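Open your viewer and get your selection tool ready. We will go from the whole chain to two helices and the surroundings of a ligand.

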Amino acid sequence: MENLILQSLNRIFMKLFALKKVLFRTAGMAIVFTVLVFPQINAQDLDVPYVSTPQSVVEKMLEVTDTGPGDYVIDLGCGDGRIVISAAQRGAYGHGVDLDPERLREARSNARGSNVSDKVMFLQEDLFKTDFSRANVITMYLLSSVNLKLRPRLLDKLEPGTRVVSHDFDMGEWTPDKHLQVDNANISLGGWQIDNPIAEDTHDIYYWIIPAKVGGQWEWETNGKNFTMTVEQKFQEIYPQISTGNATLNVKKTLLKGERISITAANPFNGNEYVYNGRVEGSRIMGTVQIRGDNNTIETWTAKLMK
Ligand SMILES: C[S@@+](CC[C@H](N)C(=O)[O-])C[C@H]1O[C@@H](n2cnc3c(N)ncnc32)[C@H](O)[C@@H]1O
């Protein structure tokens, strides 16, 4: 029970920290930090205190990312390893990184106890320095400020389509592809499931898919006509401008989901509608275009990034 209270206080501390409230502004919070949180932080300079994700929230994080066989999961700041271990129990492989040796010992022992040592590893590495580019699922329970610092590397180093999930903390103006809330109604205490004595224990889960990079100017030809597309990109949101001859198409719908791109646009002069669907492969897009007009046809769509 004492442990549960500590965890809850630590979580409140994390939330307050994230809200940029000055921790030591109130004597009460100073006591919480000095008496309850500080002793749990080891000698290393941790960027985030240790608070574990409740198991029901772990399961939801793995459900929303559809984690299973064929996936490689990396938990940045893995604590006792529960996220990577639960992922392995669903058939995935993975590893966790943490700076705290005590957490790593716990994680390895938990992996042995759960019979998944052959699928997981736990490494003493700094989450800001570790190479996470091999993962196709990234899990995090950090702080908004830490997420924001990690954000450029996540977007740059991870393959398009990689799933990223964060417990309780978002990524600023990078809006999540999904946002869920989970009520932690039950807690596990000494192997027993009991009602959670904390009245309001709602956890946020934020989920993103790493978008391909599509900003720039693209060109292609369809049925002897040249098309030019200039794309402005803000994370997974795209704002394309497409023109052919003298016509600028009216863009009606867009979607960028990992490496998949789709755009529906209409020619205001002849009413033809173009439904583009393709896959971004570096500086090329390969796909199809449905042309809806007097004659409905399907053509290949091969676009090249010019600049
Ligand atoms: C809030 S806990 C999350 C633990 C686990 N991921 C979970 O959800 O149950 C954050 C963890 O990050 C670790 N940590 C803090 N700063 C770190 C850093 N710079 N590099 C690696 N781990 C770090 C802490 O030791 C702690 O175990």
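Two residues are in contact if their C-beta atoms, placed from the backbone, lie within 7 Å. With that in mind, select the whole chain: of the contacts with a separation of 6 or more, 55% are between residues 24 or more positions apart. You are looking at a predicted model, in which local features need pLDDT of at least 70 and side-chain atom pairs count only at pLDDT 80 or more, while totals for chains, interfaces and linings use all residues. Residues are numbered from 1 along each chain as its sequence is written.

Next, colour by pLDDT, the predictor's confidence in each residue, from 0 to 100. The chain has a mean of 88, and 81% of its residues reach 70 or more. Select residues 20–41 and you find pLDDT below 50; this stretch has 22 contacts in the model beyond near neighbours in sequence.

Now switch to cartoon. There are six helices and 18 strands, where helices (H or I, at least four residues) and strands (E, at least two) are DSSP runs numbered from the N terminus. Of the 307 residues, 34% count as buried. Buried means that 20 or more other C-beta atoms lie within 10 Å of the residue's own, exposed means 12 or fewer, and partly exposed is in between, with C-beta atoms placed from the backbone.

Zoom in on α4, residues 82–89. Seven of its eight residues are buried, among them Ile-83, Val-84 and Ile-85. Show their partners too: the buried residues of α4 pack against α3 (55–64), β1 (72–76), β2 (93–98), α5 (101–113), β3 (120–124) and β4 (137–140). After α4 comes Gly-91, with a positive phi near 105°.

Move on to α5. Its 13 residues should span 18 Å at 1.5 Å a residue (1.5 Å times one less than the number of residues), and its end C-alpha atoms are indeed 18 Å apart. Highlight its buried residues, Arg-103, Leu-104, Glu-106, Ala-107 and Ala-111. Viewed down the axis, they fall within an arc of 160° (taken from the directions from the helix axis to the C-beta atoms), so they line one face of α5. Their cover includes α4, β2 and β3. Turn to the face away from the buried side for the exposed Pro-101, Glu-102, Arg-105, Arg-112 and Gly-113. Just after α5, Asn-115 has a positive phi of about 60°.

Finally, select the ligand. Which residues come nearest? Of the 23 around the ligand (C-beta atom, placed from the backbone, within 6 Å), they are Thr-53, Gly-77, Gly-79, Leu-127 and Tyr-141. α4 and β2 each supply at least two residues of this shell.
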